[in-house]
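User: I'd like to go through this model with you. Can you start with the terms and then take my questions as they come?

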Amino acid sequence: MPRYGMVIDLDRCVGCRACMEACKVENNTPQAIFWMYLFRFEEGEFPATRISFLPRPCMHCDNAPCVKVCPTGARYKRDDGLVATNADACIGSRYCVAACPYGVNSFNWKEPKANYYLDWSAPSAAQALKPVTAGAVPPYDNPDLDRKWGKEQRKIAGGGHRQGIVEKCTFCVQRVEKGLKPACVTACPVSALEFGDLDDPASAVSRRLRSDRSFRLREDFGTEPRVHYIGAARAGTGAREIEQPKGATA
Amino acid sequence: MSIPRAAQALLLIGGLFAVVAASGAAEVGVTPWPTTAEQIRKGKIDVGKKYGMGTDQRFHRIHESTLGLECAACHADRIPASARTFSVPPAVDVSQASPGPVDRRVCQGCHVGGPARDVYGSQRPSEVKQR
């Protein structure tokens, strides 16, 4: 059984947000919901300023608080380490939202639309698409998302986008089970993201972890995240988010 | 005597939750709170069956109505940058009615190694009994 994890090299990341984009296309996440989110930080005063980035998927914690508080068992930890949400069992209690120190869970307040970004079936869209993709339609309606996955055979790929339930990054379980890497990893133009088996010493994640000092986010919560960060370009505590979440300090 | 809200929040963050909870509990006449915690878990104190974050649902009924925590013990005006929750800017996960963001360090005061259920402690998810 592999022990899947992710390594994110902050020295390589250029903050382009291709990871966010790839995630949206692959998982067709509703408007304003980002399973992968890239924070942009700024510190210092002009002209001595410094900018840094932090891609933040779900941490797929080994000691996941969200799994512990879920009242229905909809949120569970798979043998390979993926923290999954069974869309059929979620009752929308939002306890995971409350317990997660990383803010990775999103609640669907409204019924998501089937397709937010463009109605590909409209003739005007088809025309606009032609010169860009030679007519190929992006997989906004990925049928894999509605299938059941894993030995438990549960609906965990996020196709359950619907009002009243919580969703989050799945590490692209529908790709991982086919031997592919998550969409964000594949899309990163500078290979800042890497995914693989942390137990396999020859895997790219293990090699990268050996080559550099690593850290994980908010270790003080004892969550034991499976996402490791390497590189020195880490935001200091004085850093300001360039686009600020509600309620954060300047 | 009631401790001012800001001090209460600070005390909680500092891990001196017992002092605060005792004073909170005294106000609503339930004491000591570890017993209360167990009674809630065993269903001996009625906190309703609605699992949710709404103020009339279990989460707030437990922490606010039953344990007597003030809103400001958890909801702050702002969260210091050192305690970022890494939530997404549109804040889609928080209802507009919320009195303010919640610094998750507050929860650790009670939810690491008891008497409240293990949320951030060393117990593995598989060891925590599902309801």
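Analyst: A contact here means heavy atoms within 4.5 Å. In chain B, residues 24 or more positions apart account for 44% of the contacts with a separation of 6 or more.

User: What sort of model is it, and how is it numbered?

Analyst: This is a predicted model, in which local features need pLDDT of at least 70, side-chain atom pairs count only at pLDDT 80 or more, and totals for chains, interfaces and linings use all residues. Residues are numbered from 1 along each chain as its sequence is written, chains are lettered from A and ligands numbered from 1 in the order in which they are written, and side-chain values use heavy atoms, with hydrogens and water left out.

User: How many helices and strands does chain B have?

Analyst: Chain B has six helices and zero strands, running α-α-α-α-α-α from the N terminus. Helices (H or I, at least four residues) and strands (E, at least two) are DSSP runs, numbered from the N terminus.

User: And chain A?

Analyst: Chain A has seven helices and 11 strands. Its radius of gyration is 18 Å, close to the 18 Å from the globule rule for 250 residues, so chain A is as compact as a globular protein of that length. That radius is taken over C-alpha atoms, and the rule is 2.2 Å times the number of residues to the power 0.38.

User: What share of chain A is buried?

Analyst: Of its 250 residues, 56% count as buried. Buried means under 20% relative accessible area, exposed over 50%, and partly exposed in between (1.4 Å probe, protein chains only). For chain B, 44% of the 131 residues count as buried.

User: What about long-range contacts in chain A?

Analyst: Among chain A contacts between residues at least 6 apart in sequence, 64% join residues at least 24 apart.

User: New topic. How many disulfides are there over all chains?

Analyst: Zero. A disulfide is a pair of cysteine sulfur atoms within 2.5 Å.

User: Which cysteine sulfur is nearest to that of Cys100(A)?

Analyst: That of Cys66(A), 6.5 Å away, and Cys100(A) is in no disulfide. Cys100(A) counts as buried, at 9% relative accessibility.

User: Why is there no bond at Cys74(B)?

Analyst: The closest cysteine sulfur, in Cys107(B), is 6.5 Å from that of Cys74(B), which is too far for a bond. Cys74(B) is partly exposed, with a relative accessible area of 24%.
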